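The following note sets out points for a colleague reading this entry at the bench. Please have the sequence and the model open while going through them.

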Amino acid sequence: MAYRPCKTAEADIGMRYYMCDTEGTGGRIKTFAEDFIVDEISSYPPEKDGEYVIARVTSTNWETNRMVRMMSRSMGISRERIGFAGTKDKRAVTSQLMSFKCDPETVSRIKLKDLDIKVIGRSARPMRIGDLIGNSFKIKVRECDVPRDEAAEICEAVRSELGARGGFPNYFGVQRFGTVRPITHKVGEALVRGNTEEAVRIYLSAPSEFEDESVTEVRERLAVGNYSEIVKDMPKNMDFERTLAQYLSDNPEDYAGAISALPSNLQMMFTHAYQSYIFNMMLSERMTRELPLDMPIDGDTVIPKDADGIPLHEKPVKVTKKNIDLAMKQVRTGRAFVAITIFGSDSTFSDGEMGEIERKVMDSERITVEDFLVVGLPNCSSRGSSREILCPINDLDVCIDDEGYTASFSLPKGNYATCVMREFMKSDMTHF
C-alpha cells in the first residue's frame with residue numbers, strides 16, 4: 001500500500017510518511033504547558049526499603065536534564081544521585097517517579113517553581129532509564145486551519161484508520177532531535193565520525209531562526225571563540241552550552257573533555273539521536289517500498305512482548321521461510337512486534353529485503369557499525385538495539401470544542417505522542 005508523503009521539515013529527520021491519507025487539521029500543541037499533560041505509567045522499584053528515596057514529581061515547563069541539575073543544586077548532591085525512568089517534554093505538565101540517593105530531609109530542600117514532589121517510599125535501587133511501562137497523554141490542539149465540523153470529520157477518520165491499521169509508524173519524534181533547533185543528531189553524527197571539535201561547534205553555535213535574538217547573538221559569538229568572555233553573558237536557558245564554554249575557556253581545544261563535562265545521559269542522547277535518524281530513514285525506506293508494518297516478511301526480526309506489553313529486545317527472533325507462519329501468527333495476535341535494528345557497534349545486518357534497506361541507508365551515511373565505538377567518550381558509544389516499527393495506541397479518544405480539540409491516549413514506553421498527533425495535524429514540526 002502507498003503511504004502519504006510528508007512535505008514538512010520532519011522529512012529532514014527521516015519522517016517521510018504518514019500512516020493516514022487524510023488532510024490534516026493543522027493547528028499547534030503546547031500553546032500553554034497545560035495543553036500537554038503526561039502521566040507516567042510507572043514501574044515501581046520492587047524493593048520497599050533501602051538508601052534511595054522514591055518520589056512522585058509533577059513539573060510544569062521543565063526540561064528533564066535542567067530540572068535534575070537544579071534539584072541537585074538545591075539538595076547539594078551530585079546529579080548522578082538522582083534517577084528517573086524517562087525524559088519528558090519540557091513545555092508540558094508531567095508526572096513521573098524519581099529516585100534520590102539521600103535522606104527525605106535532603107529531598108525536602110528542593111524549593112523550585114512549578115515543581116511538586118511527594119515522597120512515596122524507599123528502595124534499595126534507583127530509578128533507571130526504562131523503568132516504566134508507558135505514558136498516558138492528554139493533548140490540546142489549538143488554532144486549527146479548518147472549521148470545527150471539518151476538524152471533527154478529520155479526527156474521526158484518523159482515529160478510525162489508526163485503529164484499523166493497528167497503530168502508527170513508530171518514528172523517533174521531533175523531540176529526539178530538538179523541535180526549535182533540530183541539531184542533536186548532527187552532534188551525534190560528528191561524534192560517531194570522530195570529529196569532537198565539530199560536535200562542540202554544532203552544539204554551541206548552530207543557529208535557529210526560532211530562537212530568541214539574544215540567544216542567536218550569543219551563538220554568533222560562540223562561533224568565533226573567546227569563550228571566557230562569553231560565559232557571563234549566556235542566558236540561563238543555555239546551561240549546557242555554558243558548561244562547554246566554561247570548560248573550553250579553562251582547557252582550550254580539549255573538545256573530548258568538554259563533551260565529557262556534560263551529564264552522562266546528555267552525552268548518550270547525542271549518539272542515540274543519530275541512531276534515531278538512521279532508524280527513521282530505514283523505516284521510511286521500508287514504507288517507500290510499500291512493505292507491511294503490521295506483518296513480518298522473510299529476513300525481518302520479530303520481538304516478543306512481556307505481560308505488560310513491553311518489547312523484549314533481548315530476545316529477538318529472525319524470521320525465515322521456515323518460521324514465518326509462526327512469526328506472523330505471533331504478530332497478528334499481539335504477542336510480538338516487527339522490529340528494525342537501531343545500529344550500533346554490536347549490530348548485524350538483516351537478511352532479505354530489510355537487509356538491503358539497512359545496507360542502503362548505512363552506505364548513504366558512509367558509516368560502519370564500528371564507528372559507534374566512540375574513542376575516548378564511552379558515554380557516546382552505543383552497542384545498538386532494535387525498535388518496533390508499528391506502535392499500538394490504547395484508549396484513543398478525541399473531543400472537539402470551540403478552541404480546537406483534545407486527544408487522549410496512552411502509549412508503551414519509548415514512543416512519541418507527537419507521532420500520533422502528526423497524523424491528525426500534519427502541521428510544521430515547529431507546531432509540536
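**Notes on the strands, cores and overall form**

1. I400 stands opposite Y405 in β16. The residue I400 belongs to a pairing in which strand β15 (residues 394-401) and β16 run antiparallel, joined by six bridges. A hairpin of two residues leads from β15 to β16. It should be kept in mind throughout that the model is predicted.

2. On β16 there is also a pairing with strand β8 (residues 132-142): the two are antiparallel and share nine bridges. Two positions help to locate this pairing in the viewer. F137 stands opposite F409 in β16, and N135 has L411 of β16 as its bridge partner. In general, strands of a sheet pair through backbone hydrogen bonds, in either a parallel or an antiparallel manner.

3. Is β16 mostly covered or mostly exposed? Strand β16 spans residues 404-412, and eight of its nine residues are buried, so that the cut-off of under 20% relative accessible area is met at eight positions. Strand β8 is comparable to read: eight of its 11 residues are buried, and therefore β8 is largely enclosed by the rest of the structure.

4. Strand β8 also pairs with strand β3 (residues 36-42), in the antiparallel sense and over seven bridges. Within this pairing, S42 stands opposite L132 in β8.

5. The largest nonpolar core comprises 73 residues. Those with the most contacts inside this core are L162, I278, M282, F409, L411, M421 and F424. Helix α10 (residues 264-288) makes the greatest contribution to this core, supplying eight residues. Another core lies apart from it, with 31 residues, including V200, I230, L244 and Y255. As a general tendency, nonpolar side chains in soluble globular proteins are buried together.

6. Two residues already named in the strand pairing recur in the core. F409, opposite F137, and L411, the bridge partner of N135, are both among the residues with the most contacts inside the largest core.

7. Which residues does I278 contact, once neighbours within four places in sequence are set aside? The contacts of I278 are with V361, M362, E365, I367 and F372.

8. A separate paragraph is due to the four-stranded sheet. This sheet is open, its strands follow the order β11-β10-β12-β13, and the pairing is antiparallel. Strands β11 (317-318) and β13 (385-388) form the edges, each pairing on one side only. Strand β10 (residues 301-304) is joined to strand β12 (residues 336-342) by four bridges in the antiparallel sense, and I303 stands opposite F337 in β12. Helix α11 (residues 324-332) packs on the sheet, where it touches β10 and β12, and the direction of α11 makes about 105° with that of β12.

9. T58 deserves a look of its own. This residue lies in strand β4 (residues 52-60). Is T58 buried, partly exposed or exposed? Its relative accessible area is 27%, and because buried means under 20% and exposed over 50%, T58 counts as partly exposed. Leaving out residues up to four places away in sequence, T58 touches V93, T94, S95, D114, L115 and D116. The C-alpha atoms of T58 and K118 are 8.6 Å apart, although 60 residues separate the two along the chain.

10. Finally, the protein as a whole. The protein contains 13 helices and 16 strands. Its radius of gyration is 22 Å, in agreement with the value near 22 Å that a compact globule of 432 residues would have. The C-alpha atoms fill a box of roughly 60 × 50 × 50 Å along the principal axes. Of the 432 residues, 55% count as buried. The accessible surface comes to about 19,300 Å², and carbon and sulfur atoms account for 48% of that surface. Among the contacts with a separation of 6 or more, 73% are between residues 24 or more positions apart.

Note on methods: Residues numbered from 1 in each chain as written. Predicted model: local features only at pLDDT ≥ 70, side-chain atom pairs only at ≥ 80, totals over all residues. Heavy atoms only, no water. Core = buried A, V, L, I, M, F, W, Y, C linked by side-chain atoms within 4.5 Å. Buried < 20%, exposed > 50% of the residue type's maximum accessible area, 1.4 Å probe, protein only. Contact = heavy atoms within 4.5 Å. Pairing = 2+ DSSP bridges. Rg over C-alpha atoms; globule rule 2.2 N^0.38 Å. Areas by Shrake-Rupley, 256 points an atom, 1.4 Å probe, with all protein chains shown as cover. Axes fitted to C-alpha atoms, helices over the stretch in contact; angles between N-to-C directions.
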